[in-house]
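Dear colleague,

I am handing over the structure we spoke about, placed just below so that you can have it open while you read. My notes on what was found in it follow after that.

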Amino acid sequence: MLFRPELHGYHGAVASTHWLASAAGNAMFDRGGNAFDAAAAAAFVIQVVEPHQNGPAGDVPIMVHDGATGEVEVICGQGPMPRAATVEAIRERGLTGIPGSGLLAASVPGAFSAWMTLLRDRGRLTVADVLEPAIGYAEDGYPLLPRAALMIEALAPLFREHWTESGATYLHHGNTPAVGARMRNPALARTFRRIVAEATAATTDRQGQADAAIRAFHEGFVAEAIDAFLATAEVLDSTGRPQKGLLTGEDLASWRPTAEPAVSLEYRGRLVHKSGPWSQGPVFLQQLSLLSGFDLGAMDFAGPDHLHTVIESAKLAFADREAWYGDPDHADVPLDALLDPAYAAARRALITGEASADLRPGSPDGRTPWIPPVLDATEGPLEPEWRAEIANGVPTVLRTVLRKTSAKSDTTCVSATDREGNMVVATPSGGWLKSSPVIPGLGFPLGTRGQMAWLAEGHNNCLAPGKRPRTTLSPTLVSTDDGKPYLAFGTPGGDQQDQWTLNFFVNHVDFGLSPQEAVEAATFHTEHVPTSFAPREFTPLGVKAEEGIPAATVAELRRRGHQVTVAPAMTLGKVCATGPDATGGVFAAASPRGAQCYGMVR
């Protein structure tokens with residue numbers, strides 16, 4: 001029995017992590033827009049109504065399938081680190097890692113201009129059309145989500161005492177807003193309105209207006225406000241001390257989003273497309289490459305063989321992510337070797353009937369793998385230096401923030417498909433309210449993606465000026481073997497994104513579930529994967545499985561050596577998916593988890 005129906009229509013479909021965003025996206029179809037317009041409008045609304053999950057200064061990979069040409073590409077909205085961001089600059093401050101909050105971890109904002117790039121190159125509507133719903137919710141208000149209310153409550157002392165612009169934005173006369181309270185962000189509305197005004201004044205050409213909006217953000221008043229704030233601000237962060245940032249207006253002015261080919265792999269007659277190794281995207285393909293050697297469909301669905309095979313494959317693929325992934329413009333990532341069928345066959349032979357307790361990266365092209373030290377979460381309290389400082393007297397609120405507002409699941413998702421065969425999916429994230437103070441006059445904070453870069457010199461993901469920190473953001477786009485559109489999906493979830501979406505895809509392709517059935521099926525993930533966020537940690541042999549996975553499966557996994565924790569039903573992931581259906585129409589599927597993801601169709 002499904003919690004929600006799979007929705008079918010004949011004009012366009014949108015699925016996202018917020019119902020207001022899905023509605024805004026669908027409204028673009030009525031204005032003559034296509035899937036790209038719909039996705040952009042939905043994404044800008046999400047920047048307003050999910051401020052605890054993302055913002056205009058965050059980051060996003062956008063995957064695109066062009067229905068007219070069959071072309072698949074990725075728009076990279078992951079900005080690089082500032083020119084002043086060196087390992088020495090961080091260590092000179094007495095730090096052994098990049099803090100997960102404050103200003104030091106800020107990379108160049110990428111989300112806003114990435115969506116404008118999509119609108120310019122593939123949309124049909126204007127900047128004013130697409131930003132109108134977001135401006136409306138910022139001005140008139142939106143209902144505050146429960147998790148956002150919890151986060152603001154945890155952060156309120158920090159907002160009152162230190163991040164006062166955030167307090168002015170998210171507190172009501174100094175008080176924490178209740179769940180469902182009508183929230184407004186007039187400063188963000190003014191920012192968007194000024195961008196629209198400058199774009200409209202610049203030219204009557206639709207594409208030129210999108211370019212003007214990008215310039216306003218990266219070279220105009222937005223960049224000027226960011227530059228002025230960071231030039232003088234010293235902000236309390238998770239080190240327990242005020243720190244200045246490294247980002248400048250010049251960093252913003254010198255960068256623009258780029259479009260690049262997707263990384264692709266065939267699986268069971270479908271071509272699966274992901275972003276490059278500056279994201280964790282290829283780890284999805286590595287898992288599929290390993291699983292292609294098993295007859296999953298012959299196994300009992302949700303049985304011990306099914307789960308064990310997927311878990312052990314994930315552990316191998318994610319170990320390679322830790323050893324090898326990084327910005328390919330600044331590092332020698334052996335991606336072709338990692339995706340070579342012969343390499344997968346050799347790695348597949350490591351999978352036995354018992355759970356492996358080891359972190360086992362491979363040796364593509366005979367190279368020697370290296371994973372910098374990570375923290376074993378099973379060996380007692382984790383006390384890196386900056387946490388010890390917190391325990392010794394810095395504001396108690398920071399401990400509260402670290403405990404209550406983990407970044408591990410803070411992301412959003414937008415997927416859209418139209419009747420012309422256009423598909424787009426993205427996982428916008430970063431620039432959220434908990435990690436960095438609101439920039440005065442703009443109504444949004446900076447991102448903190450830099451925390452994902454190592455300070456381990458020689459590693460592919462080591463910090464360097466102008467280098468993209470390797471992100472967890474990882475939407476998925478699938479086409480048929482003859483290039484026709486098939487499926488576009490993603491989920492929030494940090495390091496778990498490419499496990500929960502893999503389960504969704506395997507449920508559909510190997511076990512024959514419909515997209516909505518595949519979304520709602522009980523899911524699971526391994527915690528043997530080192531986290532990408534500070535403090536980096538992993539739980540050897542750890543597995544988390546939702547209620548709904550059969551008790552006999554859990555018992556057998558434990559017998560095989562997995563340390564299984566059972567999570568409450570419907571709590572892991574928020575997969576959103578759209579695509580064409582068999583009738584020539586379109587469909588939308590959205591997870592009921594969290595009670596806020598919704599699909600809508602025209």
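To begin with the whole chain, residues 24 or more positions apart account for 74% of the contacts in the protein with a separation of 6 or more. Please keep in mind that this is a predicted model. Of its 602 residues, 64% count as buried, and the secondary structure comes to 20 helices and 23 strands. The radius of gyration is 22 Å, close to the 25 Å that the globule rule gives for 602 residues, so the protein is as compact as a globular protein of that length. Along the principal axes, the C-alpha atoms fill a box of roughly 60 × 60 × 45 Å.

As for the surface, the protein exposes about 19,900 Å², of which carbon and sulfur atoms supply 52%. It carries 49 positive and 66 negative charges, and the mean positions of these two groups are 4 Å apart.

One element that I looked at in detail is strand β2, which covers residues 12–16. Five of its five residues are buried, so the strand is largely enclosed by the rest of the structure. In a regular strand the side chains alternate between the two faces of the sheet. Here G12, V14 and S16 point one way from β2, while A13 and A15 point the other way, and all are buried.

Strand β2 pairs in the antiparallel sense with β13 (residues 414–418) over five bridges, and there G12 stands opposite D418. It also pairs in the antiparallel sense with β23 (residues 598–601), over four bridges, where the bridge partner of V14 is M600.

With best wishes

Key: Residues are numbered from 1 along each chain as its sequence is written. This is a predicted model: local features need pLDDT of at least 70, side-chain atom pairs count only at pLDDT 80 or more; totals for chains, interfaces and linings use all residues. Side-chain values use heavy atoms; hydrogens and water are left out. Buried means under 20% relative accessible area, exposed over 50%, partly exposed in between (1.4 Å probe, protein chains only). Helices (H or I, at least four residues) and strands (E, at least two) are DSSP runs, numbered from the N terminus. Two strands pair if DSSP finds at least two bridges between them. The radius of gyration is taken over C-alpha atoms; the globule rule is 2.2 Å times the number of residues to the power 0.38. Contact means heavy atoms within 4.5 Å. Accessible areas come from the Shrake-Rupley method with a 1.4 Å probe; for residues, only the protein chains shown count as cover. Lys and Arg count as positive and Asp and Glu as negative; His and the chain ends are not counted. The place of a charge is taken as NZ of Lys, CZ of Arg, CG of Asp or CD of Glu.
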